[in-house]
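Here is a friendly walk through the model you have open. Keep the viewer at hand and follow along from one part of the fold to the next.

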Amino acid sequence: MARLFLPLYFGLLFTLYLFFIMLHILNTYLYVDVYNIIDADNFSAEVILLNELEKHISEDKQEHLLQLIAERNKVIIEPISKSAIPPNIRNELTSQDVWVDDEFYDYFKVFSGEQYYRMREDESNELIQLTHKLDNYIVLTLVFMVALCCFIWFFNLHRKLRLIEATVVNISEGELFARVPTKSSLRVGRLNSSLNDMAERLERLLSSHRRLTLSLAHEIRSPLFKMHLYIELLSKIIDKSSQEHFSGLEKQIFVMEEMVEELLQYAQMERAELKLEQKSIEVGDFLALNCENFQQECKSKIHLKIESPCNLIADGSLLSRAIRNLVINADKYGKDNIYITVQKQNKNINIFIEDDGQGIKKENSEQVFQPYFRQEVHSDRAGFGLGLSIVKEIVDLHGANILLSNSSYGGAKFTLIFELG
């Protein structure tokens with residue numbers, strides 16, 4: 001959030017600075033510089049007076065009056081030849097006696113001999129130095145006041161938007177009950193109430209969706225169980241030529257049961273009903289026992305390699321479910337072999353699950369953990385594309401991580417990374 005406001009804040013200060021520069025340019029070059037005209041008129045009166053006094057006073061008195069004028073006007077006056085004057089100013093002095101410019105020097109002519117002089121501010125004069133300090137203080141005070149007002153306004157807006165940002169993050173992480181405060185001191189227009197309305201509608205929609213999913217899954221279980229019974233009874237009274245058809249029908253019922261189970265598991269994950277029951281697990285023995293069970297479900301041969309015997313604090317039931325889903329996925333998309341490797345690296349325990357299939361397409365690598373995403377339809381194992389999503393949820397519950405990469409065997413490589421307690 002700070003990256004949003006800091007450029008805006010400094011951009012506003014830069015705009016203020018640019019405004020002063022543009023104002024100076026407009027006043028000096030595009031329009032008549034009023035202040036210069038006033039200064040020129042004021043000094044012209046003194047020049048006229050000197051010209052009137054010329055015939056009554058000596059040259060020494062003339063020089064003395066010029067020095068007195070310089071002292072009273074806090075400037076330094078020095079004689080200059082006409083050729084040393086810039087051509088554009090020399091032309092102006094033919095029609096007027098004084099030329100006040102925004103450059104370092106101002107010019108004037110006086111007395112009948114048309115003597116030319118230039119003058120500049122006396123920087124050593126105490127009043128001039130004090131004036132410059134006051135000008136700087138005024139500008140700095142103005143900038144400081146504008147900066148302070150902008151900071152207070154931006155800080156207040158930043159605080160309100162941080163609350164909105166935190167609520168949006170909570171909603172995105174599944175906390176659909178999160179709401180933004182709607183007090184007048186914390187509101188950003190109608191944004192707070194609009195966001196709360198959206199969150200409420202989203203919560204109602206997803207809750208309705210979850211209830212429908214669970215209801216359907218539970219309702220389907222009962223007919224599937226009855227179908228199993230009917231097939232079992234029919235298989236005893238039909239001839240052998242029809243047994244193959246009944247076997248295929250029974251297989252499809254098992255597939256449907258597996259899909260329903262997958263749907264129920266994911267719905268349970270979404271509702272955050274799972275509570276971790278963690279205990280110390282000897283990873284080698286744990287995987288060896290599970291691989292025996294997994295092998296009965298897989299057509300591919302499972303190869304288990306324990307490079308580093310180690311213990312892990314985890315929920316055994318959930319960890320078994322996560323590894324099973326990865327093994328089933330490897331069996332589904334692999335060819336003949338599944339490789340499971342355990343490796344201890346620094347303070348981490350890595351569990352690698354690889355297959356020798358075609359791997360996962362690069363454009364799909366970031367989507368495989370998304371719910372309902374399926375890389376391709378497989379005839380042997382149907383599903384909703386929730387297996388890897390369930391794995392990701394279980395891994396997140398354990399505070400672990402899962403990575404997807406290419407396997408040296410040709411297929412996909414999933415790496416589960418657990419921190420040692």
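## A four-stranded sheet

Let's begin with a hairpin: E3 and E4 are antiparallel partners, joined by five bridges. Please keep in mind that this is a predicted model. Across this pair, Asp106 sits opposite Met119 of E4. Four residues lie between the two strands of the hairpin, and Phe111 there has a positive phi near 70°.

The hairpin belongs to an open sheet of four strands, ordered E1-E4-E3-E2, with antiparallel pairing. The edges are taken by strand E1 (75–80) and strand E2 (98–99); each has a single partner strand, so one side of each lacks a neighbour in the sheet. E1 is held to strand E4 (residues 115–121) by six bridges, again in the antiparallel sense. In that pairing, Pro79 is found opposite Tyr117 of E4.

## Two helices beside it

Helix H3 (residues 59–72) lies across E1, E4 and strand E3 (106–110), and runs at about 145° to E1. H3 also meets helix H2 (residues 34–53): their axes come within 11 Å and cross at roughly 165°. That angle makes the two helices, H2 and H3, roughly antiparallel. Their crossing is right-handed. On the H2 side, the contact uses Phe43, Glu46, Leu50 and Leu53, while H3 brings Leu65, Leu66 and Ile69.

## A five-stranded sheet

Now move along to another open sheet, this one with five strands in the order E6-E8-E9-E11-E10 and mixed pairing. Which strands stand at its edges? They are strand E6 (301–306) and strand E10 (401–406), and each has a single partner strand, so one side of each is left without a neighbour in the sheet. On average, neighbouring strands here are turned by 15° against each other, direction ignored.

E6 and E8 run parallel and are joined by six bridges. Within this pairing, Leu304 has Ile340 of E8 as its bridge partner.

## Helices across the second sheet

H9 lies across E6, E8, E9, E10 and E11, and its direction is at about 165° to E11. H10 lies across E10 and E11, running at about 135° to E10.

Helix H10 (residues 387–397) has several buried residues: Gly387, Leu388, Ser389, Ile390, Val391, Ile394 and Val395. An α-helix has 3.6 residues a turn, so residues three or four places apart point the same way. Just after H10, Gly399 adopts a positive phi of about 65°.

## The nonpolar cores

Which residues touch the most other members of the largest nonpolar core? Among its 39 residues, they are Ile323 and Ile351. Two or more residues each come from helix H8 (283–297), strand E7 (311–314), helix H9 (316–333), strand E8 (337–345), strand E9 (348–355), H10 and strand E11 (412–419). H9 gives the largest share of this core, with eight residues.

For a closer look, select Ile351. Leaving aside residues up to four places away in sequence, Ile351 touches Val283, Leu287, Ile340, Thr341, Val342, Phe414, Thr415, Leu416 and Phe418. Another core, of 17 residues, lies apart from the largest one, and its members include Leu50, Leu66, Val75 and Val98. In soluble globular proteins, nonpolar side chains tend to be buried together.

Key:
Residues numbered from 1 in each chain as written. Predicted model: local features only at pLDDT ≥ 70, side-chain atom pairs only at ≥ 80, totals over all residues. Heavy atoms only, no water. Pairing = 2+ DSSP bridges. Contact = heavy atoms within 4.5 Å. Axes fitted to C-alpha atoms, helices over the stretch in contact; angles between N-to-C directions. Buried < 20%, exposed > 50% of the residue type's maximum accessible area, 1.4 Å probe, protein only. Core = buried A, V, L, I, M, F, W, Y, C linked by side-chain atoms within 4.5 Å. Parallel < 35°, antiparallel > 145°, perpendicular 65-115°, else oblique. Left-handed = near helix turned anticlockwise from the far one by under 90°.
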